[in-house]
Amino acid sequence: MGKQSKFQEEKELKATSGYLMLFVGLLGLILGGGLLFYGIMRLSATGGGAGGWLILAGLVLLLIFFILLCGLKVINPNEALVLALFGNYYGTLKKDGFYWVNPFVSPINPTVKDIPANTGRAKKVSLKTRTLNNEKQKVNDAMGNPVEIAAVVIWQVVDPTRAVLNVENFNDYLSIQCDSIIRNTTRVYPYDAAEGGDEKSLRGSSQEIADIMQAELQEKVENAGIEILDVRITHLAYAPEIASAMLQRQQAAAIIDARQKIVEGAVGMVEMALDKLNENNIVELDEERKAAMVSNLLVVLCGNKDAQPIVNSGSLY
């Protein structure tokens, strides 16, 4: 509870209609301009009198209503404007439309640099869904093997007040937290799970690992008013210095698995052949002939090359 108390709570600003204030402002400018023109005419005609006061009143009205028109703000869909008044948080405009606010407020958006404070459009915070493409990183996995990993993060700002006031730059903040989460997660899991094991691996459980990274990243950026919509691993490979050795290891494992299946299938076929011969009484084989037949069938079925048939016209003995 104490941790949440430091977060700036959002205050949605109830702004006045911009169309009404635009009409009032233009009317005031016309009135001030009319007084100024009339005062100049009186001053030139009489050489003094009320002409000076009319000019002063016209200038004051022009200044007041010009400042008044500076409070007009346009909010487009999926945009927000966080406003401060003399250094204090004033409120947030999130609903799209045309509004008028206190002309002395200034928009805040630390992610936009070298932009004057009174440039409202440039200081708006986008609430649209955005993509962070995390570049490849070289990290040691749980087994100590260097791997290259990259991820893409789909995110959006849901609380512009927190995004602007709680962190220095929410774009950089998210990028740094994403790098940290990817590195920490990669160090916990191996690239490949051990044979016969049920542990998670970066390659075999990529979706589960991505979900874990999403949950951890969401927790880290909660104070920045950011919602993580999705995390996907876009690149995963061994580092170049060990890629060749690991490829040979994977090829050897694949060959062993293939050979195991071939042998299992061959043994089953030999067993079926012997059963069929005995069942139909085609030929009677003693143990030695069975052994020779089994040997020949296994050579034919498990060999890498086609077998060359040899016709035996004599006796086996």
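**Entry 1: the main core**

I went for the largest nonpolar core straight away: it has 33 residues, and those touching the most other members are Val153, Trp155, Phe170, Leu174, Leu217, Ile226 and Ile228. I keep in mind that this is a predicted model.

Next I looked up where the core residues come from. Strands S3 (79–85), S8, S9 and S10 each supply at least two, and so do helices H3 (160–165), H4 and H5. S9 is the top contributor, giving 6 residues.

**Entry 2: Trp155**

What does Trp155 touch, leaving out residues up to four places away in sequence? I noted a run from Lys128 through Thr129, Arg130 and Thr131 to Leu132. Then there are Phe170, Asn171 and Leu174, and finally Ile226, Glu227, Ile228 and Leu229. Phe170, Leu174, Ile226 and Ile228 also appear with Trp155 among the best-connected core members.

**Entry 3: the other core**

I also found a second, separate core, made of 9 residues. Leu13, Ile75, Leu81 and Leu83 are among them.

**Entry 4: the sheet**

Back to the strands. I traced an open sheet of 3 strands, ordered S8-S9-S10 and paired antiparallel. S8 (130–140) and S10 (226–238) are the edge strands; each has a single partner, so one side of each is left without a neighbour in the sheet. From one strand to the next I get an average twist of 20 degrees.

How many bridges join S9 to S10? I have 11 down for this antiparallel pair, with S9 covering residues 146–157. For one register point I picked Val147, which stands opposite Tyr238 in S10.

**Entry 5: helices on the sheet**

I checked what packs on these strands. H4 (residues 170–188) touches S8, S9 and S10, and its direction makes about 40 degrees with that of S8. H5 (residues 206–220) lies across S9 and S10, and I have it running at about 140 degrees to S10. Both helices are on my list of core suppliers too.

**Entry 6: whole chain**

Last, I pulled the totals. The chain has 7 helices and 10 strands. It runs to 317 residues, of which 32% count as buried. I put the accessible surface at about 19600 Å², with 57% of that belonging to carbon and sulfur atoms.

I looked at contact range as well. Taking contacts between residues at least 6 apart in sequence, 66% join residues at least 24 apart. Trp155 with Ile226 is one contact I had already written down.

Definitions and conventions: Residues are numbered from 1 along each chain as its sequence is written. This is a predicted model: local features need pLDDT of at least 70, side-chain atom pairs count only at pLDDT 80 or more; totals for chains, interfaces and linings use all residues. Side-chain values use heavy atoms; hydrogens and water are left out. Two strands pair if DSSP finds at least two bridges between them. Helices (H or I, at least four residues) and strands (E, at least two) are DSSP runs, numbered from the N terminus. Axes are lines fitted to C-alpha atoms, for helices over the stretch in contact, and angles run from 0 to 180 degrees between N-to-C directions. Contact means heavy atoms within 4.5 Å. Buried means under 20% relative accessible area, exposed over 50%, partly exposed in between (1.4 Å probe, protein chains only). Accessible areas come from the Shrake-Rupley method with a 1.4 Å probe; for residues, only the protein chains shown count as cover. A nonpolar core is a set of buried Ala, Val, Leu, Ile, Met, Phe, Trp, Tyr and Cys residues joined through side-chain atoms within 4.5 Å.
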